[in-house]
Amino acid sequence: MPHLHEKKIKELELTANTLRQHVITMVAEAKSGHQGGPLGMADIFTYLYFHGMNHMPKKPDWSERDRLILSNGHICPIRYAAMAESGYFPVKELKTFRKLGSRLQGHPERTRLPGSETTSGPLGEGLAQSAGMAYAGKMDSKKWRVFCLTSDGEHEAGLHWEAMLFAGKNRLDNLICIVDRNNIQIDGTTEDIMPLEPLRQKYESFNWHVIECNGNDIQDIHRAVEDAKKIHQKPICILAHTIPGRGVSYMENNYRWHSQPFAPGEAEQAIAELKAHAKRLRADHARS
Ligand SMILES: Cc1ncc(C[n+]2csc(CCOP(=O)(O)OP(=O)(O)O)c2C)c(N)n1
Ligand SMILES: [Mg+2]
């Protein structure tokens with residue numbers, strides 16, 4: 001599997017930084033919304049929308065597109081930011097996030113926003129929807145894949161495990177489930193509230209192929225997704241170890257930033273930190 005060129009990595013890191021800034025601005029402007037999950041998953045969304053996924057932003061209904069199913073709908077600010085920057089809709093529309101009448105609601109609505117694939121918000125449903133789509137793709141001998149993005153907290157929903165059984169039984173190797181293993185949920189750590197470990201072995205015992213990666217490292221995400229695409233006869237779970245709130249010092253690994261309104265000055269500090277990081281990335285870029 002060829003590594004991504006250093007130049008490409010830097011470009012994607014800069015894009016992820018831009019998406020993170022959008023997340024902060026959107027949530028600050030709306031005075032509500034989620035930050036921890038979206039910031040932690042920014043590198044994965046960047047990779048999928050700008051490199052890993054076969055899709056056409058100007059033709060969201062293109063029948064051969066890979067499907068990205070966002071099961072943990074509350075992290076949609078990062079999906080909206082990735083969709084806007086990749087060309088699904090104008091970047092300025094991000095300002096309407098969570099406003100009355102907007103296509104960009106606090107949880108995604110399929111019928112309002114072409115390309116959003118499903119409506120989500122009630123946790124635990126996305127893997128079942130994804131498995132159904134992947135099964136249909138197999139029946140029609142289609143080449144497209146389903147990328148199901150799900151969170152660790154969602155594993156508390158029974159339906160997710162039913163879908164794991166179904167996908168394992170039917171050997172859905174066109175299904176890649178990426179788990180945001182950030183160890184937090186709404187009011188604490190997953191291991192305090194409902195322990196999930198050993199999660200890898202649980203997937204494996206349901207007949208899944210498991211790959212682990214650093215979900216905040218573009219090269220490692222690339223390795224995981226490329227390896228997943230080579231697997232036959234099993235659905236694939238990528239356990240992506242991410243840092244919730246990644247990129248903003250006071251948010252990282254603090255479950256309270258699952259979602260909470262910004263106090264005065266906090267959003268500005270977050271943007272300043274992200275801009276400083278972008279400056280460092282550009283300087284590295286210029287040197288290499
Ligand atoms: C069925 C259902 N139950 C409860 C909720 C409320 N809820 C929203 S997010 C969340 C935490 C889930 O954990 P996780 O997705 O891991 O949170 P994150 O890592 O994004 O902070 C909960 C309980 C919901 N949306 N759906
Ligand atoms: Mg979580």
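**Exercise 1.** At what angle do helix α5 and helix α6 pack, and how far apart are their axes?

Before we start, a word on the ground rules. This is a predicted model, where local features need pLDDT of at least 70 and side-chain atom pairs count only at pLDDT 80 or more, while totals for chains, interfaces and linings use all residues. Residues are numbered from 1 along each chain as its sequence is written, and chains are lettered from A and ligands numbered from 1 in the order in which they are written.

*Step 1.* Find the helices: α5 covers residues 126-139 and α6 covers residues 158-169. Helices (H or I, at least four residues) and strands (E, at least two) are DSSP runs, numbered from the N terminus.

*Step 2.* Read off the geometry: the angle is about 25 degrees and the axes lie 7 Å apart. Axes here are lines fitted to C-alpha atoms, for helices over the stretch in contact, and angles run from 0 to 180 degrees between N-to-C directions.

*Step 3.* Name the arrangement: α5 and α6 are therefore roughly parallel to each other. Angles under 35 degrees count as roughly parallel, over 145 as roughly antiparallel, 65 to 115 as roughly perpendicular and the rest as oblique.

*Step 4.* Add the hand: α5 and α6 make a left-handed crossing. That word applies if the near helix is turned anticlockwise from the far one by less than a right angle; if clockwise, the crossing is right-handed.

*Step 5.* List who touches: α5 brings Leu 127, Ala 128 and Ala 131, and among the residues from α6 are Leu 159, Met 164 and Phe 166. Two residues are in contact if their C-beta atoms, placed from the backbone, lie within 7 Å.

*Step 6.* Sort the contact of α5 with α6 by class: 8 nonpolar, 1 polar and 1 charged. Ala, Val, Leu, Ile, Met, Phe, Trp, Tyr, Cys and Pro count as nonpolar, Asp, Glu, Lys and Arg as charged, and the others, Gly among them, as polar.

**Exercise 2.** Work out how α4 meets α1 and α3.

*Step 1.* Take α1 (residues 6-30) with α4 (residues 76-86): their axes come within 9 Å and cross at roughly 125 degrees. α1 and α4 are therefore oblique to each other. The contact includes Thr 15, Leu 19 and Met 26 of α1, along with Pro 77, Ala 81 and Glu 85 of α4.

*Step 2.* Now α3 (residues 42-52): its axis and that of α4 come within 10 Å, crossing at roughly 35 degrees. The crossing of α3 and α4 is right-handed. Phe 45, Tyr 49 and Phe 50 of α3 are among the residues in this contact, as are Ile 78 and Arg 79 of α4.

**Exercise 3.** Describe the surroundings of ligand 1.

*Step 1.* Count the shell: 19 residues surround ligand 1, and the closest are Gly 37, Ser 151, Gly 153, Gln 185 and His 258. A residue counts as near if its C-beta atom, placed from the backbone, lies within 6 Å.

*Step 2.* Look for elements giving two or more residues: these are α2 (36-40) and β4 (184-185).

*Step 3.* Split the shell by class: 6 nonpolar, 11 polar and 2 charged residues.

**Exercise 4.** Spot two backbone oddities.

*Step 1.* Go to the loop between α7 (190-193) and α8 (199-205), where Pro 198 sits. The peptide bond from Glu 197 to Pro 198 is cis, with omega near 0 degrees.

*Step 2.* Then try the loop between α1 and α2, home of Lys 31. Phi of Lys 31 is near 60 degrees, a positive value in a residue other than glycine.
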